[in-house]
Amino acid sequence: MTQLSSERYTVDDVMAAQEFYHARNWTDGLPIVPPTADAVQACLDWAMLPPDHLVGIEPVRAREITAEKLAINSVMAGCLPMHFPLVVAAFTAMLQEPFLLHGATASTGGCAIFTVINGPCRQELGMSGGFNALGSSDRATTVIGRAIRLALGNLLDVRPGDVDRSTLGHPGKISYCVAEDEENSPWLPLAEERGVPKFASAVTVMSAGAPRQIMNEWTTDPEEILQTFIAEIKASMRHYSIHAGNYAIVVPPQLRTHFAAAGWSKADMRAYVYEHAVVRRREWADVGKGAVVGKHGDSEYRALSAPDDLLIVAAGGPAGGFGAVIPPWLGPKSKACTVAVGACVDCEI
């Protein structure tokens, strides 16, 4: 059996461990759980992975991501062993070529890894897609999102001023993980829509800007509700990037009720947003970007290259007509990826 191979350090106590990790820039500024050998091994045992299991290789700098290194960062983030398979799945998804991990994490654009959890693991781990869904809604989503970020820093040097060249960044860089509220949704779960078998647990990752909150409590018409989301998408296209990419919208129960009553599926919503989320290049002049309009003012730009580029996530507390638009990092450069928990994406059948 393969043994743990990471270097070990001895400190006097848990407070000394905090200073030890902070001094070496191995944390996000918050306290960590000391990754003892027993705690790391417990994560690996739960996932039934040997320490040297190769989760993937970051291609730009040829960095190997092993299960042991991910387990260390997961323990540091506060993960229990049962949380660890989702961290592995998230990295498996992020290391898929379409995700463009290095670009997404190194850009001055300052995106974070928006992570959506689907399947029975949500209930097994006590995840909540209800109140404060995009905040710190529950232990599991918070620590899994944090583990992703810590591992990016410690395994790929994605730290501010190092590989991470973000001008501003946003708070999602600490943890940006949500569980979809499948039980209270009339729709197919996000992962099932993206090809994961029904009842399988899965992780979807998207390189994403900060959530932009919208509100519409004055209509039950699905088209009018979506126009509010589209207005925010168009604002992002004018203020930030005009190019198409994955957008995510987060739809709470109060608004989902209206779509359900009208018989609208997620596919119906995607088709509507694809058709109407369009701006012309000349609109840049309205937000101070007239210098780059040039001779192409009438050129049309869609927010989505195809309807399926819109990720619709059912989440949020039971009251309030609030939703959120989560914009992509920078147009089509990075594609959202979905992986089933425990899947081996490169295995031959």
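Mentor: Let's begin with a term: a helix here is a DSSP run of H or I with at least four residues, and a strand is a run of E with at least two, both numbered from the N terminus. Keep in mind too that this is a predicted model.

Trainee: Happy to start there. Which helix gives the largest share of the lining of the second largest cavity?

Mentor: That cavity holds about 30 Å³ of space. Its lining is made of E58, R61, L101, H102, T105, L156, V158 and V163. Helix α5 covers residues 101-106, and the largest share, 3 residues, comes from α5.

Trainee: How does the lining of the second largest cavity divide by class?

Mentor: Charged residues are Asp, Glu, Lys and Arg, while Gly counts among the polar ones. E58 and R61 are among the lining residues. By class, the lining has 4 nonpolar, 2 polar and 2 charged residues.

Trainee: Now the other end of the list. How much space lies in the largest cavity?

Mentor: A search of the whole structure with a floor of 30 Å³ finds 2 cavities. The largest of them is lined by residues including A112, I113, T115, R149 and Y176. The space inside the largest cavity comes to about 80 Å³.

Trainee: Which element gives the most to the lining of the largest cavity?

Mentor: Two elements, β3 (112-118) and α7 (139-156), each supply at least two of its lining residues. G145, I148, R149 and L152 are in the lining, and their numbers fall within the range of α7. With 4 residues, the top contributor is α7.

Trainee: Since β3 also touches that cavity, how many of its residues are buried?

Mentor: The cut-off to use is a relative accessible area under 20% for buried. By that rule β3 is mostly covered, and the buried count is 7 of its 7 residues.

Trainee: Which strand pairs with β3 in the antiparallel sense?

Mentor: On the parallel side, β3 has 3 bridges with β4 (residues 177-179), where I117 is partnered with A179. The antiparallel pairing runs over 7 bridges, and T115 has V205 as its bridge partner there. That partner strand, residues 202-208, is β5.

Trainee: Let's move to open space. What is the volume of the largest pocket?

Mentor: The pocket has 25 lining residues, with E7, Y9, Y21, P35 and I72 nearest its centre. By class, these are 15 nonpolar, 4 polar and 6 charged. The volume is about 640 Å³.

Trainee: Which helix gives the most to the lining of the largest pocket?

Mentor: Four helices each supply at least two lining residues: α1 (14-23), α2 (37-47), α3 (67-77) and α7. The top contribution is 5 residues, and it comes from α3.

Trainee: On to charges. Which residue forms a salt bridge with R61?

Mentor: Side chains of opposite charge can pair when their charged atoms come close. Here the closest N and O atoms are 3.3 Å apart. The two residues are 96 apart in the chain, with R61 in the loop between β1 (54-58) and β2 (63-66) and its partner in the loop between α7 and β4. That partner is D157.

Trainee: Is D157 buried or exposed?

Mentor: Its partner R61 is partly exposed, at a relative accessible area of 29%. The cut-off for buried is under 20%. D157 has a relative accessible area of 18%, so it counts as buried.

Trainee: How far apart in sequence are the parts tied together by K266 and E193?

Mentor: The closest N and O atoms of this salt bridge are 3.8 Å apart. K266 lies in helix α11 (residues 266-276) and E193 in helix α8 (residues 190-193), so the distance in sequence is 73 residues.

Trainee: Which residue forms a salt bridge with R270?

Mentor: R270 lies in helix α11, and the partner sits in the loop between β9 (300-302) and β10 (310-314), so the pair ties together parts 38 residues apart. R270 is buried at 10% relative accessible area, whereas the partner is exposed at 54%. With closest N and O atoms 3.4 Å apart, the partner is D308.

Trainee: Which residues are joined into one network by shared salt-bridge partners?

Mentor: The count for the structure comes to 17 salt bridges. Those that share partners join E180, E193, K266, R270 and D308.

Conventions. Residues numbered from 1 in each chain as written. Predicted model: local features only at pLDDT ≥ 70, side-chain atom pairs only at ≥ 80, totals over all residues. Heavy atoms only, no water. 1 Å grid on protein atoms, 1.4 Å probe; cavity = no way out; pocket = protein on both sides within 12 Å on 5 of 7 lines; lining within 4 Å. Points joined across faces, edges and corners; volume = space filled by probe spheres on them. Buried < 20%, exposed > 50% of the residue type's maximum accessible area, 1.4 Å probe, protein only. Pairing = 2+ DSSP bridges. Salt bridge = Lys/Arg side-chain N within 4 Å of Asp/Glu carboxyl O.
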